[in-house]
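User: Could you take a close look at one helix for me, the last one along the chain, and then work outwards to whatever it leads to? Keep it chatty, but stick to what the model shows.

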Amino acid sequence: MRTMSIPPFPDRAEIVEIESFTNARLAGEFQLSEQGSALAVYMFHPASEVARASFGSTLRSTADPLRLNLKGMRRIQYQWLRVADVFYLYYDMALGGHQSRRGGATISKAVHLAAKNTKSLGTSEPTFWSAWRAYKDVAPLVTAVILIWANTRIVFADEYVAAFRTHDDTEPIQPDQLTPFHMILLMPDLVLAVGRSFEKFELTKINSRPDAGLDPETLWRIPDDVNVAPVPPPSREIRPSDKVILNERRAGNRGKPNRPRAGQLIPKPL
């Protein structure tokens, strides 16, 4: 079992009204918190202690953390979108009791459904699997931050994000220019609150299948004493079209290329 090293908030965070909380954070003066910087290093580099140390040192030493844009950060956040798609669909299936006759909710089914529902280039099942393998150990937090990011771009009411204005001549930023990384630094308590709800769901469900969810031994867990009350994510229903896709799905190969069996005829191209 692995627990992230994130210091507790001095006052217990109990977030009730998301919209007013979001508006206050983005319109107020920004200061990098210990919780935000610690959370960011685990989310960007869950598999490498060396990379976490380097990223954390850079983040804490930069004069304008919200504008940090190191090589690879954009690509990682793009991968987070795929991870969030998978984990949230898996969560929806598990809560709704879907596919109970076929082993229940699994990551394999969520990957298949996410790929089928995504029409853009570069979103095949292997692409989803690659992102999942890289960030599955922080999947509850990744899903939380993507939800908060999407919601913030809708509910924030001001013309620009005042939190970015560290001095008078700073270039203002519009709400549609916000990134998931900004959510981690601006609202680490909300990210942890929603992530805690996803984590609690994952650790209390019962399913013996190896692909039924996250590995409890490698999952990066939120500290019990971080002093944040859970915030439940929005509930969603699996669409009828999604049920059709799942029912038509055959046992998956989990992102591995299909290989012909011995004696199997390989069709020639026309």
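Analyst: On the face of H10 turned away from its buried side you'll find the exposed residues Pro240, Asn247 and Glu248. This is a predicted model, so everything here is a reading of that prediction. Flip to the other side of H10, which spans residues 240-248, and the buried residues are Asp242, Ile245 and Leu246. Those buried residues share one side of H10 because they cover an arc of only 95° around the axis. That fits the usual helix geometry: with 3.6 residues a turn, residues three or four places apart point the same way. As for what sits on top of the buried residues of H10, the cover includes H4 and helix H5 (107-117).

H4 is a good one to follow inwards. The largest nonpolar core has 81 residues, and H4 (residues 73-96) gives the most to this core, with twelve residues. Phe55, Trp80, Trp132 and Leu186 have the most contacts inside that core. Take Leu186: leaving out neighbours within four places in sequence, its contacts are Arg25, Leu26, Phe30, Leu66, Ala163 and Phe164.

Trp132 brings us to another helix with a buried side. In H6 (residues 125-135), Trp132 is buried along with Phe128, Trp129, Ala131 and Tyr135. The arc here is 165°, which puts these residues on the same side of H6. H4 and H5 turn up again, since the buried residues of H6 pack against both of them, as well as against helix H2 (34-44) and helix H7 (139-155).

Just past H6 there's a charged pair to look at. Asp137 and Arg2 meet side chain to side chain in a salt bridge, 3.3 Å from N to O. Asp137 is in the loop between H6 and H7 while Arg2 is in strand E1 (residues 2-3), so the pair ties together parts that are 135 residues apart in sequence. Asp137 is buried, at 16% relative accessible area, whereas Arg2 is partly exposed at 26%. Lys136 joins in too, in a salt-bridge network with Arg2 and Asp137.

The structure holds six salt bridges. Another of them pairs Asp64 with Arg67 at 3.2 Å, N to O; here Asp64 is buried at 17% relative accessibility and Arg67 is partly exposed at 34%. Arg12 and Glu14 also pair up, at 3.1 Å, with Arg12 partly exposed at 47% and Glu14 exposed at 55%.

Now for a charged residue that goes without. Glu199, in helix H9 (residues 188-204), is buried yet has no salt bridge. Its nearest side chain of opposite charge is Arg196, 5.1 Å away, and the cut-off for a salt bridge is 4 Å, so that pair doesn't count. What Glu199 does have is a polar side-chain atom 2.9 Å from the backbone nitrogen of Ile222. Setting aside residues up to four places away in sequence, Glu199 touches Ile222 as well as Pro140, Leu219, Trp220 and Arg221.

Trp220 and Arg221 take us back towards where we started: strand E2 covers 220-221, and the loop between E2 and H10 contains Asn227. Asn227 isn't a glycine, but has a positive phi of about 75°. With 21% relative accessibility, Asn227 counts as partly exposed.

Zooming out, the protein chain has ten helices and two strands, and the order along the sequence is β-α-α-α-α-α-α-α-α-α-β-α. Of its 270 residues, 49% count as buried. If you count contacts in the protein chain with a separation of 6 or more, 79% come from residues 24 or more positions apart.

Terms used: Residues are numbered from 1 along each chain as its sequence is written. This is a predicted model: local features need pLDDT of at least 70, side-chain atom pairs count only at pLDDT 80 or more; totals for chains, interfaces and linings use all residues. Side-chain values use heavy atoms; hydrogens and water are left out. Helices (H or I, at least four residues) and strands (E, at least two) are DSSP runs, numbered from the N terminus. Buried means under 20% relative accessible area, exposed over 50%, partly exposed in between (1.4 Å probe, protein chains only). Lys and Arg count as positive and Asp and Glu as negative; His and the chain ends are not counted. A polar contact is a pair of N or O atoms within 3.5 Å; within protein, one must be able to donate a hydrogen and the other to accept it, and residues adjacent in sequence count only if both atoms are side-chain atoms. Contact means heavy atoms within 4.5 Å. A nonpolar core is a set of buried Ala, Val, Leu, Ile, Met, Phe, Trp, Tyr and Cys residues joined through side-chain atoms within 4.5 Å. The arc is that of the directions from the helix axis to the C-beta atoms.
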